[in-house]
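Thanks for coming, everyone. Please take a look at the sequence and the structure on the screen. I'll go from one end of the chain to the sheet, and then into the core.

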Amino acid sequence: MNPEFNTDSFNEDLKLVDKPTTTVPDGNMFECMTANEWMVKAKDTPIPKPLYLSMWHEGEIGFLIGSTNTGKSLLAVVIALKIAKHQVVIYIDLEMSEIQFRIRYSEGNKDYKFPDNFYRIAFKDQHTIPEGTDATDYIIQSFEEIAEKYDAKVMIIDNVTYLGASTGTSKDVLPLLRKLKNWQRKRKGLSLLILGHTPKRPDSQPLTINDIFGSSMQGNFCDVAFAIGHSIKDTNWRYVKQLKARLCAIEYDASNVVIYEIDKLSNGLLDLVYQKESSEKEHTIKEFDPNEDTDEAKWSIAFNHRKEGLSDRAIGREMGTSHGTIGKWIRKHIKAEAEKKEN
């Protein structure tokens, strides 16, 4: 929460405002009031509590993104475990089989003991969608029934890419996200966290809001977004970066990412253990420095960028030279590596 936001003085000021009055006919689909009247209407609504640091709050729809094997599911479960200490959490696991889930959360013959408030759901082995029924509507209806049964206010979907494929919309998840957003709004107080893969991208580039499923438009469907990435300092280290926020200012930006270490505990829990906070730059692939790098280092960096899918022009812009020079450096690197193998 923004430290400058004083709820006491805020509520005192609202006492001076008249109660809301309807200004449009009852049959109209919209509700129109003055801004001050909206403030009064919202006065009795509790300030949302944080569910994960300042990155995700109650009543928000959030996106957690990352490339393959960065630990999205691991982070989602860690978040769910903390929330489950106080309330019901529904973890919709569309990634792992039940045996994979058990192996991840066991050590030897000892299984991790999850809180009773932690519910995991997955597709039935022989699940079918009734003929003539919209697949997305049917899935959301199933979510609604489960939320009602267990009185759940927090649901985590891992992941929306797989869910989109199950509805035949894997190439474009916008219709699915639109319906999930509408459902989340209708179910007052529902907090929804959606996991998704980033498209193929070079690790040397900072994580951005455009990495959400490869489209900034899809990022418009969320209230908040954060991402998890690999750290070059240690294979077991991950960093989490805040990409979008609405309730408060972004706290964990590129200058202040959260660093975790993956650790398997003796009780079977595969955990993310907090280490520190630092800049994203410290944990991404080494950047080109014209004052430090030797010729062979320049060739190698250019070659690695090419392998990551960057064009020679993009590499040239990053390294401060022409795309023609980049092509020469890459050829020199390939030749040098071949000579090393021969020797």
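Let's start with α10. Its buried residues are Ala-314, Ile-315, Gly-316 and Met-319. Keep in mind that we are looking at a predicted model. What covers the buried residues of α10? The cover includes α9 and α11, and α11 spans 323–342. Right after α10 comes Gly-320, with a positive phi near 75°.

Now put α9 beside α10. α9 is residues 295–307, and α10 is residues 312–319. In general, two packed helices are described by the angle between their axes and the distance between the axes. Here the axes come within 10 Å, and they cross at roughly 135°. Roughly antiparallel would need an angle over 145 degrees. The two helices α9 and α10 are therefore oblique to each other. The crossing of α9 past α10 is right-handed.

Which residues meet there? From α9 we have Lys-298, Ile-301, Ala-302, His-305 and Arg-306. From α10 we have Asp-312, Ile-315, Glu-318 and Met-319. Look at the spacing in these lists. An α-helix has 3.6 residues a turn, so residues three or four places apart point the same way. Two of the α10 names you have already heard: Ile-315 and Met-319 are also buried.

Let's step back to the whole protein. How many helices and strands are there? The protein has 11 helices and 13 strands. It has 343 residues, and buried residues make up 42% of them. Next, take the contacts between residues at least 6 apart in sequence. Of these, 63% join residues at least 24 apart.

On to the sheet. As a reminder, strands of a sheet pair through backbone hydrogen bonds, either parallel or antiparallel. This one is an open sheet of nine strands, with mixed pairing. Read the order with me: β7-β4-β8-β9-β3-β10-β11-β12-β13. Which strands are at the edges? They are β7 and β13, and each pairs on one side only. Neighbouring strands are turned against each other by 25° on average, ignoring direction.

Start at the β7 end. β7, residues 118–121, runs parallel to β4, and four bridges join them. In that pair, Val-89 stands opposite Phe-118 of β7. On to β8: β4 and β8 are joined by five bridges, again in the parallel sense. Val-89 has a bridge partner here as well, Val-154 in β8. For Asp-93, the bridge partner in β8 is Asp-158. Then β8 pairs with β9, parallel, over four bridges. There, Met-155 is opposite Leu-192 in β9.

Now jump to the β13 end. β12 and β13 run antiparallel, joined by eight bridges. Lys-264 has Leu-270 in β13 as its bridge partner. A helix packs on this sheet too: α7, residues 174–186. α7 touches β3, β8 and β9, and its direction makes about 165° with that of β9.

Are the residues of β4 buried or exposed? Five of its five residues are buried. Both faces are covered: Val-89, Tyr-91 and Asp-93 lie on one side, Ile-90 and Ile-92 on the other. β8 also has five of its five residues buried. In β8, Val-154, Ile-156 and Asp-158 point one way, while Met-155 and Ile-157 point the other way.

Last stop, the core. In soluble globular proteins, nonpolar side chains tend to be buried together. The largest nonpolar core here has 38 residues. Those touching the most other members are Tyr-52, Trp-56, Leu-75, Tyr-105, Ile-156, Phe-226 and Val-240. Several elements give two or more residues to this core, including β1, β4, β8 and β13. Which element gives the most? That is α3, with nine residues.

Zoom in on Val-240. Leaving out residues up to four places away in sequence, Val-240 touches Tyr-52, Met-55, Leu-75, Phe-226, Ala-227, Ile-228, Val-257, Val-258 and Tyr-260. Apart from the largest core lies another one, of 37 residues. Among its members are Leu-163, Leu-174, Leu-192 and Ala-227. You met Leu-192 earlier, opposite Met-155.

That's the tour. Over to you for questions.

Methods: Residues numbered from 1 in each chain as written. Predicted model: local features only at pLDDT ≥ 70, side-chain atom pairs only at ≥ 80, totals over all residues. Heavy atoms only, no water. Core = buried A, V, L, I, M, F, W, Y, C linked by side-chain atoms within 4.5 Å. Buried < 20%, exposed > 50% of the residue type's maximum accessible area, 1.4 Å probe, protein only. Contact = heavy atoms within 4.5 Å. Pairing = 2+ DSSP bridges. Axes fitted to C-alpha atoms, helices over the stretch in contact; angles between N-to-C directions. Parallel < 35°, antiparallel > 145°, perpendicular 65-115°, else oblique. Left-handed = near helix turned anticlockwise from the far one by under 90°.
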